[in-house]
Each structure stands twice: as structure tokens, then as C-alpha cells.
Amino acid sequence: MGKRHKNKPECGSRSGYDWHRRDAKELPCELCRQAEIMYWRNELIRRGDQIRANGRKARAKRLAALNNHTILEKDILNRYGTTCHICKQPIDLNAPRQTGKLGWEKGLHIDHVIPLSRGGDNTIENVRPSHGYCNITKNATILNEGRWLQEKLFD
Ligand SMILES: [Zn+2]
Ligand SMILES: [Zn+2]
């Protein structure tokens with residue numbers, strides 16, 4: 001609800017439209033009616049643009065996160081080396097990474113020290129290189145809790 005007007009505003013404005021309806025209790029004149037229609041037409045366009053811009057921003061953010069993750073892998077190996085942080089044995093960078101493919105157990109997985117499911121994040125401080133096997137068997141247990149059984153892969 002707009003404020004009441006003491007004097008009649010100029011026609012061809014939104015306040016004119018309000019004045020006709022609320023103060024004069026009459027149908028707005030054509031000029032005021034057009035002004036009101038134009039306002040809402042522009043408003044709807046503006047809101048549509050806003051919604052689309054927000055969608056683009058969200059998509060850009062998701063993409064940036066993905067790219068960030070790709071860059072991160074090199075950074076992780078540069079920073080932490082190619083030894084499994086769980087069992088301290090070397091990781092085979094040529095082994096397949098896809099769980100179940102021949103030799104995947106010794107392949108590289110990026111392990112989250114604090115699992116994402118427990119509120120850990122995707123930062124370089126929270127990830128370490130590990131074997132696929134060690135990562136899978138760690139099974140979303142926080143490393144320092146030491147609750148998983150490390151089987152002897154390398155004996
Ligand atoms: Zn008017
Ligand atoms: Zn390992």
C-alpha cells in the first residue's frame with residue numbers, strides 16, 4: 001500500500017493510479033493505467049533477469065568447484081607425494097582408479113581426511129593421496145579414530 005496523497009499527483013504515474021483508486025475511489029484514467037502496466041511489465045522483466053542471472057552464477061560456481069578439484073589433484077601429489085597416507089605404502093599411479101578394475105586396489109584415490117559426509121571440505125588441507133583400497137575400506141571413518149582394519153595388501 002502506497003501513502004495517501006493530499007493533492008492529486010500528476011496523471012501518467014503510479015501514484016496517480018493509486019490516487020484514482022484510493023483517494024478519488026474511481027477507476028484510474030488511461031494514462032495512470034498505462035503507467036501501472038508499464039511498471040509491472042518492467043518489474044517482471046527485471047525479476048526474470050535477476051532469476052536468470054542467479055542461475056548463471058550458481059552454474060559458474062559449480063563449474064569453478066569442479067575445475068578447482070581437477071587442479072587440486074596435481075597440487076595434492078605435489079604437496080603430499082605419492083605415498084598412501086593410510087598405509088604408508090607407495091601408490092601405483094598407472095593402476096586404474098575405477099573401483100573393481102584389475103589392480104584398482106593400489107591405484108590413486110583422493111581421500112578426505114574428514115569425510116565430506118561428516119562435514120569435511122574439499123580443501124587441500126583436508127585431502128590426501130591414498131590407495132583405492134585403503135580409501136574404500138576406511139569407509140567414511142575419520143582417520144584418527146583408527147576404527148578400520150587395514151589388511152596387508154603389500155605382504
Ligand atoms: Zn490519472
Ligand atoms: Zn594404502
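Q: Does Lys25 count as buried or exposed, and how many C-beta neighbours lie inside 10 Å?
A: The general approach is to count neighbours and compare the count with a cut-off: 12 or fewer other C-beta atoms within 10 Å make a residue exposed. Lys25 has 7 C-beta neighbours inside 10 Å, so Lys25 counts as exposed. The model is a predicted one, and the count is computed from its coordinates.

Q: Where does Lys25 lie, and what is its phi?
A: Lys25 lies in the loop between H1 and H2, following H1. Its phi is positive, near 50 degrees, and the residue is not a glycine.

Q: Where does Lys88 lie, and what is its phi?
A: Lys88 is in the loop between H2 and strand E1, which spans residues 108-112. Its phi is near 65 degrees, again a positive value in a residue other than glycine. Lys88 has 10 other C-beta atoms within 10 Å and is therefore exposed.

Q: How should the residues of a helix be read, and which residues of H1 are buried?
A: The general idea is periodicity: an α-helix has 3.6 residues a turn, so residues three or four places apart point the same way. In H1, the buried residues are Gly16, Tyr17, Trp19 and His20. Viewed down the axis of H1, these buried residues fall within an arc of 160 degrees, so they line one face of the helix.

Q: Which residues is Gly16 in contact with, leaving aside its neighbours within four places in sequence?
A: Gly16, in helix H1 (residues 14-23), is in contact with Pro9, Glu10, Cys11, Cys32 and Ala35. Gly16 and Ala35 are 19 residues apart in sequence, while their C-alpha atoms are 8.8 Å apart in space. Burial is a separate count: 20 or more other C-beta atoms within 10 Å are required. Gly16 has 21, so Gly16 is buried.

Q: How are strands to be read, and in what sense do E1 and E2 pair?
A: As a general rule, side chains in a regular strand alternate between the two faces of the sheet. Here E1 and E2 pair in the antiparallel sense over five bridges. One residue pair to look at is Ile110 and its bridge partner in E2, Pro129. E1 is mostly covered, with four of its five residues buried.

Q: How far apart in space are Ile114 and Asn126, C-alpha to C-alpha?
A: The C-alpha distance is 6.5 Å, for a separation of 12 residues in sequence. Ile114 lies in the loop between E1 and E2. Ile114 has 16 other C-beta atoms within 10 Å, so this residue is partly exposed.

Q: In what order do the elements of the protein run from the N terminus on?
A: The order is α-α-β-β-α, made up of three helices and two strands. Of the 155 residues, 16% count as buried. Among contacts with a separation of 6 or more, 37% come from residues 24 or more positions apart.

Q: Which elements have the lowest and the highest mean pLDDT?
A: Helix H2 (residues 30-80) has the lowest mean, 84, and strand E2 (residues 127-131) has the highest, 94. The average over the protein is 82, and 81% of the residues score at least 70.

Q: Where does pLDDT stay under 50?
A: The general caution is that predicted coordinates should not be read in detail where pLDDT is low. In this model, pLDDT stays under 50 over residues 146-155. The model has 13 contacts beyond four places in sequence for that segment.

Terms used
Residues are numbered from 1 along each chain as its sequence is written. Chains are lettered from A and ligands numbered from 1 in the order in which they are written. This is a predicted model: local features need pLDDT of at least 70, side-chain atom pairs count only at pLDDT 80 or more; totals for chains, interfaces and linings use all residues. Two residues are in contact if their C-beta atoms, placed from the backbone, lie within 7 Å. The arc is that of the directions from the helix axis to the C-beta atoms. pLDDT is the predictor's confidence in each residue, from 0 to 100. Two strands pair if DSSP finds at least two bridges between them.
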